[in-house]
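Please take a moment to look over the sequence and the three-dimensional structure before reading on. The explanation below is meant to be followed with both in view.

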Amino acid sequence: MFFMPQEIRQLELLCKQLYESQDTVVRADAEKALVVFQDGPDALTKCQVLLDRGDSCYAQLLAATTLTKLVSRSAQGLSLQQRVDIRNYVLNYLATRPKLPNFVVQALVTLFSRITKLGWFDSHKDDFVFRNVVADIGKFLQGSVEHCMIGVQLLSQLTCEMNQISEVEANRSLTKHRKIASSFRDTQLFEIFRLSCTLLGNARENCKNLNFNDESQHGLMTQLLQLAQNCLTFDFIGTSTDESSDDLCTVQIPTSWRPAFLDFTTLKLFFDLYHSLPNTLSSLALSCLVQIASVRRSLFSNTERAKFLTHLVNGVKHILQNPQGLSDSANYHEFCRLLARLKSNYQLGELVMVDNYPEAIQLIAKFTVQSLQMWQFAPNSVHYLLSLWQKMVASVPYVKATEPHLLETYTPEVTNAYITSRLESVAVVVRDGLEDPLDDLGMVQQQLEQLSVIGRCEYQKTCTLLVQLFDQAARSYSELLANPTNQIEITIQEGQLTWLVYIIGSAIGGRVSFNSNEEHDTMDGELVCRVLQLMNLTDSRLAQGGCEKLELAMLSFFEQFRKIYVGDQVQKNSKVYRRLSEVLGLNDEPTVLSVFIRKIITNLKYWGRSEQIISKTLQLLNDLSVGYSCVRKLVKLDEVQFMLNNHTSEHFPFLGNSVAITEMRCRSMFYTSLGRLLMVDLGEDEDRFHTFMLPLTASFESIGTLLASADTPLFASDEAKKALIGLARDLRGLAFSFNTKTSYMMLFDWIYPNYTPILLRAIELWYHDPQVTTPVLKLFAELVQNRSQRLQFDVSSPNGILLFREASKIICSYGSRILNVEVPKEQTYPLKLKGISICFSMLKAALCGSYVNFGVFRLYGDEALDNALNIFVKLLLSIPQSDLLDYPKLSQVYYVLLECLAQDHMSFLATLEPHVFLYILSSISEGLTALDTMVCTGCCATLDHIVTYLFKQLTQKVYPGKEQRVGMTPNSDMFLKVLEMHPEILQQILSTVLNVIMFEDCRNQWSMSRPLLGLILLNEEYFNQMRENIIRSQPPDKQAAMAQWFENLMDGIERNLLTKNRDRFTQNLSMFRRDINDSLKGPNVNTSSVNDMMTS
């Protein structure tokens, strides 16, 4: 095909505009035009012309990325010959033009890797045409530095590509990806790794002659180290662990790689490279060592492992004896990771047997102490060092080796360095205005968890240090408060006390992981006394203001103290209580609990302005109110009775309307805790209940009065709105905690019929404002939830139906109005879909609650059910299909509701308009391949109900004398008409289900099997056709086996959907899937090596 030169020049111009133009409009237009080109029919040929001309690097980039898209989009779209031609063309192109810009080389290398991966199993005359990788790329490695670099880049990118799961593969077939990756691992990867080691070995010998300031030589070394790292980080057994989690750190090297690790030359190579390369490269050598140190234990025998570990520890020791390179932050970080792996992969008993262990542990301790003291340098690496010490200390009880581990000597030094360095950091942070490490609470908590174990080694020393430092800081603090002139000094002391309180909390929390002794409990008592004395001091000054960070530390301390020493599982004669009794007069658990509650009340009273403190305080109250014995002790306290009788904004400012609406969220948790406390002694005492509800009753009455004037100019809209939001959140908390029939009925009788109209009116007024609708809808969703079977109404009670009517009114009122609200695309979820998903959730809870007989609605002409279901349909149709799966909360609720409707309300679904039914079926079809297993399983169940219903309709026999009953919906054959017009819908679903079961990583096989039989029976002709196609698409030698497996699948299956027949089909399907999976592994995979790796 011949193209006009101006066409090609136009493309080159567009590329230039896209990448160089400063004008966003020009760039956007160029991008649109190039997208049209990429989707055009002659893109392939034009790409070749652009590459052949080679006038514009941007046009070369466009051509390479377009070809990659074409290849990825559908390998079937291009013939085998075309793809082989593209591959060879790319290799020739790179060979003849080694000096292309980096980004063009990278794009062409990616194209080569993608085409090789996707064509890995393609063969021509029994030759796998895409597998001759090492030989073809080897030619590059014999050329100039530039050629060599391209060759290494090709191998490196190919290894990466084989290891990566693209989005398309993740959504469809993981099995195929693993099949290719396993074949590549078994046939090519070791050869590539050995090649990289050989080339790195040559570089090591010539290190003196290499000039690392030369960009090409530096680039080649970078690519070589990157190649070795890509080989070592390959996902050998398909566990595809998340790379961000550094704890899962065993490298599953195949047994065939043993020679590379047994003679220790590989290990030595990377240690040598670290020492001889400049800092810009040495960190890559270290990251390869991190992987080598993590090789699975079973690769070695015990003696081999001991030798390997000795070499590894000696290498580490040598780095510590020559620490110059560690001043580079990348080297330092990788070295810390390497140290952590020493304990992750080897046992302490093995480490202590290494010849130079005493010297090595001394050097590691010295390095750790120095690192902790330099707290500003690479703070993200501290985690790895602490993790090494944490794991070593945790292993001490299990060490059987005769050699000393010396941890009792060095661990206290580490503990001391951590604690003192944190305290010293405070003055620097305050005076120089630096970023405060305490602001990153996630990191602090992680480090404290590690310290809690480390500090328990030689606990006496840890406690002595903490007591000494705490007394010193507390003394200085009280002296400064007595004469508060120097605010900076006060801030520094508060910062130091904050660290100490956090550390004391973590020290107490460390008791869990050890069989503690009484001496340790006495020491804990000393620490607890000091924190409580400090709390008394700070609380007495709260009227003048307080320190938020110190308060958060106190709450963290209380949380740890609660876990260890308060609650149902604690020994009451603990020595901690003895010490508390001597110093503070706290004789037993109830008196300690009263300290907790007083602190909670104080915080709620004085810290209304700090959402963080309020929410953490309420979390503490919530945790205390959950324990069975604990809650009973709490109720006897005067402080708790005070809370139950005075839950108003006068005593607890965060309950007032002056608080920001976003901060009202925590009120639900407060009322959940109060509800639990109230229920302990509530029984059937209605007077007590109504007394408790007085503030809420008053609040509802005043809102009712305000709403009565809603249509007049005097309406105080903001005041009413805020009061209503707070009240709805309070009531939701109470409704959640009232999980017995008696308590729930008191609440129901209180709210209905007096106050439900007010909530309905609020929805009518503020339907467009999610700040109001979300709490009100969530309150209703909680009220209709049959939690712990609390909604078991008496035989003569109409309450179930009355409750559903109210829910129906709310759903219809909100739904009918929100349908007409237009919102910007990016605000769809918060402004619209969130409310809709709560309505779906409410409807689902009501329909599945088993407290309403829904048959009576139609019998008595009550439209509440039909109205709710019809609004559900309208809301559903207003949601674009893609949004259903894009928003996880919406998709989970929708699919559960749909399953409920298909199970119990099929008569309703059968009357739906064809376009609605098609929408629902289409959403099921999408859901079957969703990544969320819950969604997928729900779709299978829904589909099973629908298919069973259809099959019954089709095979139903008419018995004489059978008449239609009154109040029953006549059986509608709308479904059947739709399917006659659109048989392809169920056929498509059948094809999807069968595909998932046969060729994909099917995580819920049983659920998938249930609708499959019905689908086959409804589409027998189509199924037979599909079966023939699948059999024909197999290689000739496998066709007979595949035909036999399909035969076995339907063996003994009758044309009905009775349970016995279904179970037989499910069993057959299991065998069918197993046979197919075994064959998929195919002859290309060396199964012995796979099994060897899996079992070891």
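What follows is a walk through some helices, their contacts and a few single residues.

It should be said at the outset that this is a predicted model, and every statement below describes that model.

We can begin with helix H1, which covers residues 5-20, and helix H4, which covers residues 57-73, whose axes come within 8 Å and cross at roughly 95°. Because angles of 65 to 115 degrees count as roughly perpendicular, H1 is described as roughly perpendicular to H4. On the side of H1 the contact is made by Glu12, Cys15, Lys16, Tyr19 and Glu20, while H4 contributes Tyr58, Ala59, Leu61 and Leu62. When the residues of this contact between H1 and H4 are sorted by class, 6 are nonpolar, none is polar and 3 are charged.

Further along the chain comes helix H6, made of residues 102-118, whose 17 residues should span 24 Å at 1.5 Å a residue, and the 24 Å between its end C-alpha atoms agrees with that. Of these 17 residues of H6, 12 are buried, so the helix is largely enclosed by the rest of the structure. Among the buried residues of H6 are Val104, Val105, Leu108, Phe112 and Ile115, and the list also includes Thr110, Ser113, Thr116 and Lys117.

A second enclosed helix is H34, residues 717-737, which has 21 residues and reaches 31 Å from its first C-alpha to its last, close to the 30 Å expected at 1.5 Å a residue. Here 15 of the 21 residues are buried, so H34 too is largely enclosed by the rest of the structure.

The next topic is the nonpolar interior. In soluble globular proteins, nonpolar side chains tend to be buried together. In this model the largest nonpolar core has 383 residues, and the members that touch the most others are Phe270, Trp389, Phe670 and Leu731. Tryptophan 389 can serve as an example, since, leaving aside its neighbours within four places in sequence, its contacts include Ile361, Ile364, Ala365, Leu407, Tyr410, Val414 and Ile454, as well as Thr368 and Thr411.

Several single residues can be followed in the same way. Serine 282 lies in helix H14, residues 279-292, and it counts as buried because its relative accessibility is 1%, where buried means under 20%. Beyond the residues up to four places away in sequence, serine 282 touches Tyr274, Leu277 and Asn331.

Valine 576, in helix H26 with residues 575-584, is buried with a relative accessible area of 0%. Its C-alpha atom is separated by 5.4 Å from that of threonine 522, although the two residues are 54 residues apart along the chain. Leaving aside neighbours within four places in sequence, valine 576 is in contact with Asp521, Asp524, Gly525, Phe561 and Tyr565.

Aspartate 883 belongs to helix H42, residues 881-886, and at 3% relative accessibility it counts as buried. Leucine 833 is 50 residues from aspartate 883 along the chain, and their C-alpha atoms are separated by 9.0 Å. With neighbours within four places in sequence left aside, aspartate 883 is in contact with Lys825, Thr828, Leu833 and Leu890.

The walk ends with helix H47, residues 974-981, and helix H48, residues 983-999, whose axes come within 4 Å and cross at roughly 80°, which makes H47 roughly perpendicular to H48. Leu979, Glu980 and Met981 of H47 meet Pro983, Glu984 and Leu986 of H48 in this contact, which by class has 4 nonpolar, no polar and 2 charged residues.

Notes. Residues numbered from 1 in each chain as written. Predicted model: local features only at pLDDT ≥ 70, side-chain atom pairs only at ≥ 80, totals over all residues. Heavy atoms only, no water. Helix = DSSP H or I, 4+ residues; strand = E, 2+ residues; numbered from the N terminus. Buried < 20%, exposed > 50% of the residue type's maximum accessible area, 1.4 Å probe, protein only. Contact = heavy atoms within 4.5 Å. Axes fitted to C-alpha atoms, helices over the stretch in contact; angles between N-to-C directions. Parallel < 35°, antiparallel > 145°, perpendicular 65-115°, else oblique. Nonpolar A, V, L, I, M, F, W, Y, C, P; charged D, E, K, R; others polar. Core = buried A, V, L, I, M, F, W, Y, C linked by side-chain atoms within 4.5 Å. Expected span 1.5 Å × (residues − 1).
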